[in-house]
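Please read the briefing below alongside the sequence and the 3D view. The points are grouped by topic, with residues named by chain throughout.

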Amino acid sequence: MKRKPIILQILQNDKGGKIVLGVLAVVVLYTAFANLVLPQDSLFYISTYTVTLLGKYLAFALLALALDLVWGYIGILSLGHGAFFALGGYAMGMYLMRQIGDRGVYGNPDLPDFMVFMNLKELPWFWYGFDNPIFTLIMIMLIPGILAFVFGYLAFRSRVTGVYLSIITQAMTYALMLAFFRNDMGFGGNNGLTDFKDILGFDLSADSTRIALLIISFLALFAGYLIARFIMNSRLGRVCIAIRDAESRTRFIGYKVEQYKLFIFIVSAAMAGVAGALYVPQVGIINPNVFSPLFSIELVIWVAIGGRGTLYGAIVGAFIVNYASTYFTSALPEVWLYALGGLFVVVTLFLPKGVVGLLSKLNLKKDKGELQNVTA
Amino acid sequence: MKYNLLKIVFLNLFFFTSLFANFEQDVEELKTNSLKAKQEVVEQLVQKYSEDERTNLLLTKMKDGDLYYKKDSGEFVILEKKEGSTYFTKSFFDNKELKPQNRRDFKKVKTNNKLRSIIKSNLAQMNLFSKDVKKRLLSAKNILKNLDKEDKELISKALTKEKNSDVKEILEEANTILIAKYGTAKEQLDAVKKLGDHLSNQTIITLKEIINNKNSSKELVKSANSSLNSIQTIRSYYSVVEKAFFGLSLGSVLLLAAIGLAITFGVMKVINMAHGEMMMIGAYTTYTLQQVMPSLIEYSILIAIPVAFIVSGLVGIIIERLVIRHLYGRPLETLLATFGISLILQQLVRTIYSPLNQEVKTPSWMSGTWEINSALSLTYNRLYIIVFAILVFIGILLVLNKTSLGLKVRAVTQNRQMAQAMGIKTSFIDAMTFGIGSGIAGIAGVALSQLTNVGPNLGQAYIVDSFMVVVFGGVGNLWGTLIGAITLGEINKFIEPVAGAVLAKVLILVFIILFIQKRPRGLFPQKGRDAQD
């Protein structure tokens, strides 16, 4: 009861956020109920497949939220956020891999299957500690955070901005992809990490575990949203927006622009890492494709479609595009790339403020919130 | 290409058949069981038909035990491959694939060791004294590769007759090796010294043999060691040259890929993520041309260059008019929109051509290698690509610096409003600039089609690299692009053997990220008022 007022305080004047999170909460709770309680032949029963799908969307929504934090509020168009997501995912994947124990195909209690296959005799040093869930949890946020720190420090210090920054973030994720595709990296090469059995002792294929992961994903998204909103409501957030809109002016006033950028970049990277860690147990695999530049660019379009610089817009965008992707790739697989490509073009040409911007434009003109601040 | 070549050979065969009407009859006599009679036939064939391609083929196949004849029709066939007792054969006289048949339907033209060695020396002799220099060169190389004590006489005989310096050099090397191995002590010492001037593997093996031989005198070993050292120094020098050449050819590919990007990105401030797909379109244009005009494979590349320029250029202009025109001044938006276009183009190609890779044929004048010496040989396709990249670069420099279009482009780049006020149709110039950038990407695609398979992902493989080149070289500067491309190409090829291809790429990306620390705007930054942002 003590925390509730703080949450409401943070969400004050945030109608969109309240609606989006409220709807999601209802959907998640109903899904949990319908999947676990209702009989399978009931009209309202929700399949485990749908539960997993919803969980995956929630992880993607958190990733989109993380990107909106840097792109929408401080003007860094990162084309490498997939890298942070993937690193968090790999950290979680390593933990899940260690949980398999001797139940792998080769039955080796000390080494994951792919290492036995590759004739490794000893666990590589960077795998130590990943049988501990607490250590893993720290690493999920720390590893992407460190990468963001090193990369951001170098990039922001030398004032790489705009397009150049976008291109080198893309190069970063591309380089990581090439590295992770190598078999001798110790991360399973192109097959990645898979065949997970259980998490914290719970069977990963059980419905109850799936529902628990779904609810945890929602809570993580919720917490991520509150943190992001809290930051942006604070003074710090206003400096960020100032940097986004007029970087050199903000610098001349005396703010240390690089430090603000670095801080937001690191927070965002850690958030993306958590998203990746939630994605992996639900999807059951992590492989180097997540590092591909295509994925990172695709997630930019989630944010753009939802509405950049609104936070809840990013969530909406992630859901719309991923739902469309799921639908089209099974119904009309050839059409999907046309549709995705078309979305990129149409949104940039006609919907500079995304779906959320379109809705609020249709809705009223009185609600001139922060949307108006968003410009290219 | 191979098919075409066979056709030419076949036509020639036809011509020869009319001249030497009894070749076929003479060959018939091989069906005898007497090995002695066969030996006579072989010698007769070599004497009478040494200039006939078929003699060579027939004897080679006979030596390898792949020559058969059909029991029913008596037709001579060549065994291509066998699966169990099923034989896949080719008719010897009309070069036609035959239906697979059981081995029992064939009879082998049997040989023994003696006959095989006779055939071998006859073949060598026949080729070594052929009128065709290429044949002599090939034969000399073969002799060097499988050097025998018995070849000595043949080699000395050939050496007295040989006029061509390349063939002579190889024969001399072979001769020296033989002396070094089997000559008298003094001759050996002399020969070992001389071997220091030769570079082939055979020489190295011989020298090592002499060094490791317990019977070699101390003096001989010492001399062999110094010869070996000098050979290895020269060879390591050539291997650096070779790596530099590979680096240069990779750099040329990067230059071709990046130069169009440098124009659209540097001049127009448009991040064209669909640039790779313009290359893909150029490559597919080449493929389509070869499908449409199968008889002109030899010239298809030359035809493809202008066609690909026009096709990719037109696609570029359409994209500019439809989409990019609305997004000037918003670079991040152009990035997203052109990325969408690239996805659409990739899918379009998949729909039209299938998602599989297609093979573009290489004209014969572009294949093969240029052997400078036995330690250094350069492939022609890479050589042509280097030349081609230089020509394209010079062409662009000329267009930008010497034509009125170039002048207008530069004017718009430097000050859009002022140019407009002077009466330049800026939107026309924008479209043309984008078209030229895209057209050059199309040309790059033609070149790429000679190096890799043509597929829907062709562009993706080069886009990150090309951006690296542009960012490294400095945006909007053609010379920067040139130096950037060559530097990255060279670095890549020199790191690759040490660190592996993937790690080399990773290291280059790290290098560029660190380089940007020192020079955020690349090697040659743009100067002036417009340069900021």
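**Briefing on the antiparallel sheet, salt bridges and selected sites**

In chain B, strand E1 (residues 67–70) and strand E2 (residues 76–83) run antiparallel and are joined by three bridges. The model is a predicted one, and the points that follow begin with the sheet to which these strands belong, then turn to charged pairs, to sites in chain A and to the domains of chain B.

**The sheet of chain B**

- Five strands of chain B make up an open sheet with antiparallel pairing, and their order across the sheet is E4-E3-E2-E1-E5. The edges are formed by strand E4 (101–102) and by E5 of chain B, each of which pairs on one side only.
- Within strand E1 of chain B, Leu67(B) and Tyr69(B) point one way, while Tyr68(B) and Lys70(B) point the other way, and all of these residues are buried. This fits a general pattern, because in a regular strand the side chains alternate between the two faces of the sheet.
- On the side of E2(B), the residue that stands opposite Leu67(B) is Ile78(B).
- The hairpin made by E1(B) and E2(B) has five residues between its strands, and in this hairpin Gly74(B) adopts a positive phi near 80°.
- E1(B) is also joined by three bridges to strand E5 (residues 106–108) of chain B, and these two strands run antiparallel. In that pairing, Lys70(B) has Phe106(B) of E5(B) as its bridge partner.
- Strand E3 (residues 86–91) of chain B pairs with E4(B) in the antiparallel sense over two bridges, and Tyr87(B) stands opposite Gln101(B) of E4(B).

**Salt bridges**

- Over all chains, the structure holds 13 salt bridges. As a general matter, side chains of opposite charge can pair when their charged atoms come close.
- Lys70(B), already met as a residue of strand E1 of chain B, forms a salt bridge with Glu75(B), in which the closest N and O atoms are 4.0 Å apart. Lys70(B) counts as buried because its relative accessibility is 14%, under the 20% limit, whereas Glu75(B), at 25% relative accessibility, counts as partly exposed.
- Also in chain B, the side chains of Glu333(B) and Arg330(B) meet in a salt bridge with an N to O distance of 3.8 Å. Glu333(B) counts as buried at 14% relative accessibility, and Arg330(B) counts as partly exposed at 25%.
- In chain A, Arg159(A) and Glu258(A) form a salt bridge whose closest N and O atoms are 3.9 Å apart. Because Arg159(A) lies in the loop between H6 and helix H7 (162–181) of chain A and Glu258(A) lies in helix H11 (residues 257–283) of chain A, the pair ties together parts that are 99 residues apart in sequence.
- Both members of that pair are partly exposed, Arg159(A) with a relative accessible area of 47% and Glu258(A) with one of 23%.
- A network of salt bridges links Arg159(A), Glu247(A), Arg251(A), Glu258(A) and Lys261(A).

**Helix sites in chain A**

- Ile134(A), Ile138(A), Leu142(A), Ile146(A), Phe149(A), Val150(A) and Tyr153(A) make a nonpolar surface patch of about 650 Å². One of these residues, Ile138(A), lies in helix H6 (residues 133–157) of chain A, and with a relative accessibility of 46% Ile138(A) counts as partly exposed.
- Thr348(A) is found in helix H14 (residues 333–350) of chain A, where Thr348(A) is buried, with a relative accessible area of 5%. A polar atom of the Thr348(A) side chain lies 2.7 Å from the backbone oxygen of Phe344(A).

**Domains and a distant pair in chain B**

- Chain B is divided into domain 1 (25–115), domain 2 (131–216) and domain 3 (237–369 + 376–528). The centres of domain 1 and domain 2 of chain B, taken over C-alpha atoms, are separated by 33 Å.
- Arg116(B) has its place in helix H5 (residues 113–128) of chain B, and Arg116(B) is partly exposed, with a relative accessible area of 31%.
- From C-alpha to C-alpha, Arg116(B) and Ser377(B) are 33 Å apart in space, while 261 residues separate them in sequence.

Definitions and conventions
Residues numbered from 1 in each chain as written. Chains lettered and ligands numbered in written order. Predicted model: local features only at pLDDT ≥ 70, side-chain atom pairs only at ≥ 80, totals over all residues. Heavy atoms only, no water. Buried < 20%, exposed > 50% of the residue type's maximum accessible area, 1.4 Å probe, protein only. Helix = DSSP H or I, 4+ residues; strand = E, 2+ residues; numbered from the N terminus. Pairing = 2+ DSSP bridges. Patch = residues over 30% accessible without salt bridge, like charges linked within 9 Å, V, L, I, M, F, W, Y side chains within 5 Å. Areas by Shrake-Rupley, 256 points an atom, 1.4 Å probe, with all protein chains shown as cover. Domains from an automatic or database assignment. Polar contact = N/O pair within 3.5 Å; in protein donor to acceptor, adjacent residues only side chain to side chain.
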